[in-house]
Amino acid sequence: MSTRSKSRVHSLGASLGVLALAGALAFSSTALAQNTAIRPPSNGPASVADLAAGLLDAVVNIATSQKVKNDDDAPAPQVPEGSPYQRYFDEFFKGQGNQGGNRQRTVESLGSGFVIDPSGYIVTNNHVIEGADDIEINFANGSKLKAKLVGKDTQTDLALLKVEPKAPLKAVPFGDSRKMRIGDWVMAIGNPFGLGGSVSVGIISARGRNINAGPYDNFIQTDAAINRGNSGGPLFNMAGEVIGINTAIISPTGGSIGIGFSVPTELAANVVLQLKDFGETRRGWLGVRVQPVNDDIAESLKMDAPRGALVSGIIEGGPITHGEIKAGDVIVKFDGHDVGEVRDLKRVVAESPVGKAVDVVVIRDGKEQAVKVTLGRLEDGALASADAATGDEGSKADKPEAAPLPATDVVLGMKLATLNEEARKKYGIAEDVDGVVITEVAPNSVAAERRVEAGDVIVEVGQEAMETPADVADRVEELKSSGRRHAALLISNKSGELRFVTVRVE
C-alpha cells in the first residue's frame, strides 16, 4: 500500500533473527547533582500501573513456524567419502534431499494476541498465523501451549485460536469502540520486536480511517507506540476493555512514528463470535452493485448534497427479487444506520445477520422511500460481484473492432442507434441488454470525458428507460429546460454490467 511522503503501511509481525538492539545509557553527572531541582509535572496523566498489572497475563506472544521451499535450486554440497567434515554436512542438510528444489527451510515469526475466554480462545491477526504449520502460545508466566486455528477472516485480518489449558486462563472482555472519542486515552500491550509484555500509552488520534486494507476498513488510529510484533495485540480503554486489535502502522522504516491502526471491536466482536460459533464468517448480502454519489450525480438526481450509495445494478440471483430496490436508487439509510458513503453500506450490510429483514431508505425520483429487504448470505463469489461497483471513471468496455453503424442522432458527442439484432452482433451485446447503442463518441466530448465508448448501451437517462435515440435526445432537452446542469446516464457494457455516469448538459 502506498502512503504519503514515502511512508508505508506495515503489518506488525516481526521475524526472528532480524532484531539488532544496540545502544548505551548515559547519565549526566550534572543532572544527577541537580536532581533535587527536578520536579514532576503536577498535572500529568495518572499512572496506569495498576491497570496494566491486571491485563498483562491475558496478553500472549504467538510464535509460528512455517516450512517453505528453498529458493536456491542448486544441489546440496557433496563432500568426499570419509572427510572429517562429512558429519557436519550430514547434520546441516539432514532431511533436505539432494536437490535444492526439494529442500525446505523453516521460517519463524512472532506476533501478539489476547485471551477472550478462560477456556482458551485467543484472538490475533490473520497475517500473524497465515500459512503457519505450527502455532505456539507463550504466556506471561513462562508457560507454553500449542494452538490450533479455529477460523480466520481475511477481509478484516482476524483469526481465532484455541489452546487446551489445564486451568482457566486470565481473559479480557471486549468493550464498545463506538463510545471511544478522539483524544481518549488508550493502552497497547503486545510483543514488539519479540520483547514480550510491553506496555505503551497514547490517545485515539482519529476514527473511521480507511487505509485500503480491505472492504470494511474502519480503523481506529492511535499514537500509542506499536511496532512490528504488536500485530494481533489488544488496544485497551482505561476500563481494561479491548476496544481494538492492533493491525498496521504507517512508517518509512517499519518502526513506530506514532501512527498505528487498530480494528475496532464494533467490527471485530461479531467476526470473532462467528469464528467461534461456525469457524467462518457469515455475512449479510444485499445483492446490489453500488458506486459513490459525487456532486454531479447528486445534482442530477435532485439531491441537496452528495450522500449515500448509488445502486448501479441488481445482482441476478440475489436477495432483491421483487424490485424492492432498483438501479438508480440511492441508499441513504440501512437498518437504522445512516449511509454516508459506499463503504458505510458495505460494512453495515456485512455485519447484519443472514436472513434478517431490514428496513432500507432510498432516494427515488427525488424523494425518500422506505422498503424492506431480507438479506442473503455473502459467499466468496458474491463478494467479487458486490465489489464490482464502478464510478464515473469505471471500467472501460472493450473497443469494438468493426466500423460504427449508421447513426440516426447525435447527443452529447455520442452517435446513437437503435439496438437491433445487427447492432447486437456487431458489438457482441448480450441479449438481455436493452436500450440505445452508442456507435461513436467524439474525442474531447463530455461523453468521452466519462470514458463512454462505442458499443456501450444507454439504458436510462435521468432514471427513465430509453428505447430509441429520439428518447435520449428528448430526455436530455427536458433536463436542460428544467435547469439541470448534469444528466445521469445508466450505461451497460456489452456483457450487461451497469454503471452510472454523469455528463454535462449545459
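**Close-up 1. Burial of F261 and its ring partner F219 in the predicted model.** F261 is buried, with a relative accessible area of 2%. F219 is buried as well, at a relative accessible area of 6%. Both values fall in the buried class because that class covers anything under 20%.

**Close-up 2. The aromatic pair of F114 and F174.** The model contains two aromatic pairs. In one of them, F114 and F174 meet edge-to-face, with 6.1 Å from centre to centre and 85° between the planes. F114 belongs to strand β4 (residues 104-117), while F174 sits in the loop between β9 (158-162) and β10 (185-190), so this contact ties together parts that are 60 residues apart in sequence. F114 is buried, with a relative accessible area of 0%. F174 is partly exposed, its relative accessible area being 27%.

**Close-up 3. The aromatic pair of F219 and F261.** The rings of F219 and F261 are also arranged edge-to-face, 6.2 Å centre to centre and with 65° between the planes. The angle counts as edge-to-face because it is over 60 degrees. F219 is in strand β12 (residues 219-222) and F261 in strand β15 (residues 260-264). The pair thereby links distant parts of the chain, 42 residues apart.

**Close-up 4. Lysines over the ring of Y121.** K276 places its charged end over the Y121 ring, 4.8 Å from the ring centre. K162 lies over the face of Y121 too, at 5.3 Å from the centre of the ring. Each lysine counts as sitting over the ring because its NZ is within 6 Å of the ring centre and within 35 degrees of the ring normal.

How values were computed
Residues are numbered from 1 along each chain as its sequence is written. This is a predicted model: local features need pLDDT of at least 70, side-chain atom pairs count only at pLDDT 80 or more; totals for chains, interfaces and linings use all residues. Side-chain values use heavy atoms; hydrogens and water are left out. Rings of Phe, Tyr and Trp (its six-membered ring) pair if their centres lie within 6.5 Å; planes under 30 degrees apart count as stacked, over 60 as edge-to-face and the rest as tilted. Helices (H or I, at least four residues) and strands (E, at least two) are DSSP runs, numbered from the N terminus. Buried means under 20% relative accessible area, exposed over 50%, partly exposed in between (1.4 Å probe, protein chains only).
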